[in-house]
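Reader: I am new to this structure. Please show me how to read it.

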Amino acid sequence: MRIISGIYKGRRLTAPKNLPVRPTTDFAKEAIFNILRVRYFFDELTVLDLFSGTGNISFEFASRGVQNITAVDGHIGCVQYINKVSEEFSFPITAIKSDIKKYLENASGKYDVIFADPPYDFTSETLKDLIEEIFKNSLLNAEGLLIIEHAKQNDLSSLPHFVESRKYGSSVFSFFN
C-alpha cells in the first residue's frame with residue numbers, strides 16, 4: 001500500500017502478511033480523497049476510522065494534515081501495526097483495540113468524517129445496524145460525513161441519512177450525513 005498525497009506522498013508501507021485485512025485499493029482511495037478534498041480542509045477535521053485494518057485510510061488522512069484521528073480495530077496485530085507506523089511518522093493517530101459495536105455504544109466524541117470498512121461478508125442488515133448506531137449516538141458533526149465501504153451486493157440507498165454511493169471496482173462507497 002502507498003500514501004497517495006500529502007507530506008508522505010508516494011511512501012510505500014508494507015503491513016505484516018498475517019493481518020486479516022483487505023486494504024482499500026489505491027484507485028478507490030484516491031477517488032474518495034478527491035471527493036473529500038473539495039468538501040473539507042483536512043487540517044480542520046476530526047476523523048474516526050472504523051475497522052481500520054492496516055491503517056491505510058488513517059495514514060492517508062494524517063499525511064494530508066488531519067491532526068485528530070482515531071483508528072479502531074478488533075485485531076491486536078492491526079492496532080500494533082498502526083501504532084508502529086504512527087510513531088515512526090509522528091502521525092496523530094490514536095489506535096484502539098475494540099469490538100466496533102462496543103466502541104460505538106460507548107463513544108462520546110463528534111467527528112467530521114467517519115470512515116468504516118467492515119468485512120465484505122457483512123449483510124445489509126448488519127451494515128444498517130452499524131449506521132443506525134452511529135446516528136443514534138450522534139457521532140457526526142452537523143456537516144459530517146459517514147462513508148461505508150462495502151461489497152456491491154449490498155444496497156444501502158434506502159437507509160435514512162443516505163446521500164449517494166460510488167462504485168470503484170468491486171468496492172462501493174455509500175455516503176451518509
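Author: We take the sheet, then one helix, then one histidine. This is a predicted model, where local features need pLDDT of at least 70, side-chain atom pairs count only at pLDDT 80 or more, and totals for chains, interfaces and linings use all residues. Residues are numbered from 1 along each chain as its sequence is written, and side-chain values use heavy atoms, with hydrogens and water left out.

Reader: What is the order of the strands in the open sheet?

Author: Strands of a sheet pair through backbone hydrogen bonds, either parallel or antiparallel. Here seven strands form an open sheet in the order 3-2-1-4-5-7-6, with mixed pairing. Strand 3 (93-97) and strand 6 (162-168) are the edge strands, each pairing on one side only. From one strand to the next, the twist averages 15 degrees. Strands are DSSP runs of E, at least two residues; helices are runs of H or I, at least four; both are numbered from the N terminus. Two strands pair if DSSP finds at least two bridges between them.

Reader: In which sense do strand 1 and strand 2 pair?

Author: Strand 1 (residues 46-50) and strand 2 (residues 68-73) are parallel, over five bridges. Thr46 faces Asn68 in strand 2.

Reader: Where does helix 2 lie?

Author: Helix 2 (residues 56-63) lies across strands 1, 2, 3 and 4 (contact: heavy atoms within 4.5 Å).

Reader: Is His150 buried or exposed?

Author: His150, in strand 5 (residues 140-151), is buried (under 20% relative accessible area, 1.4 Å probe, protein chains only), because its relative accessible area is 2%.

Conventions. Buried < 20%, exposed > 50% of the residue type's maximum accessible area, 1.4 Å probe, protein only. Axes fitted to C-alpha atoms, helices over the stretch in contact; angles between N-to-C directions.
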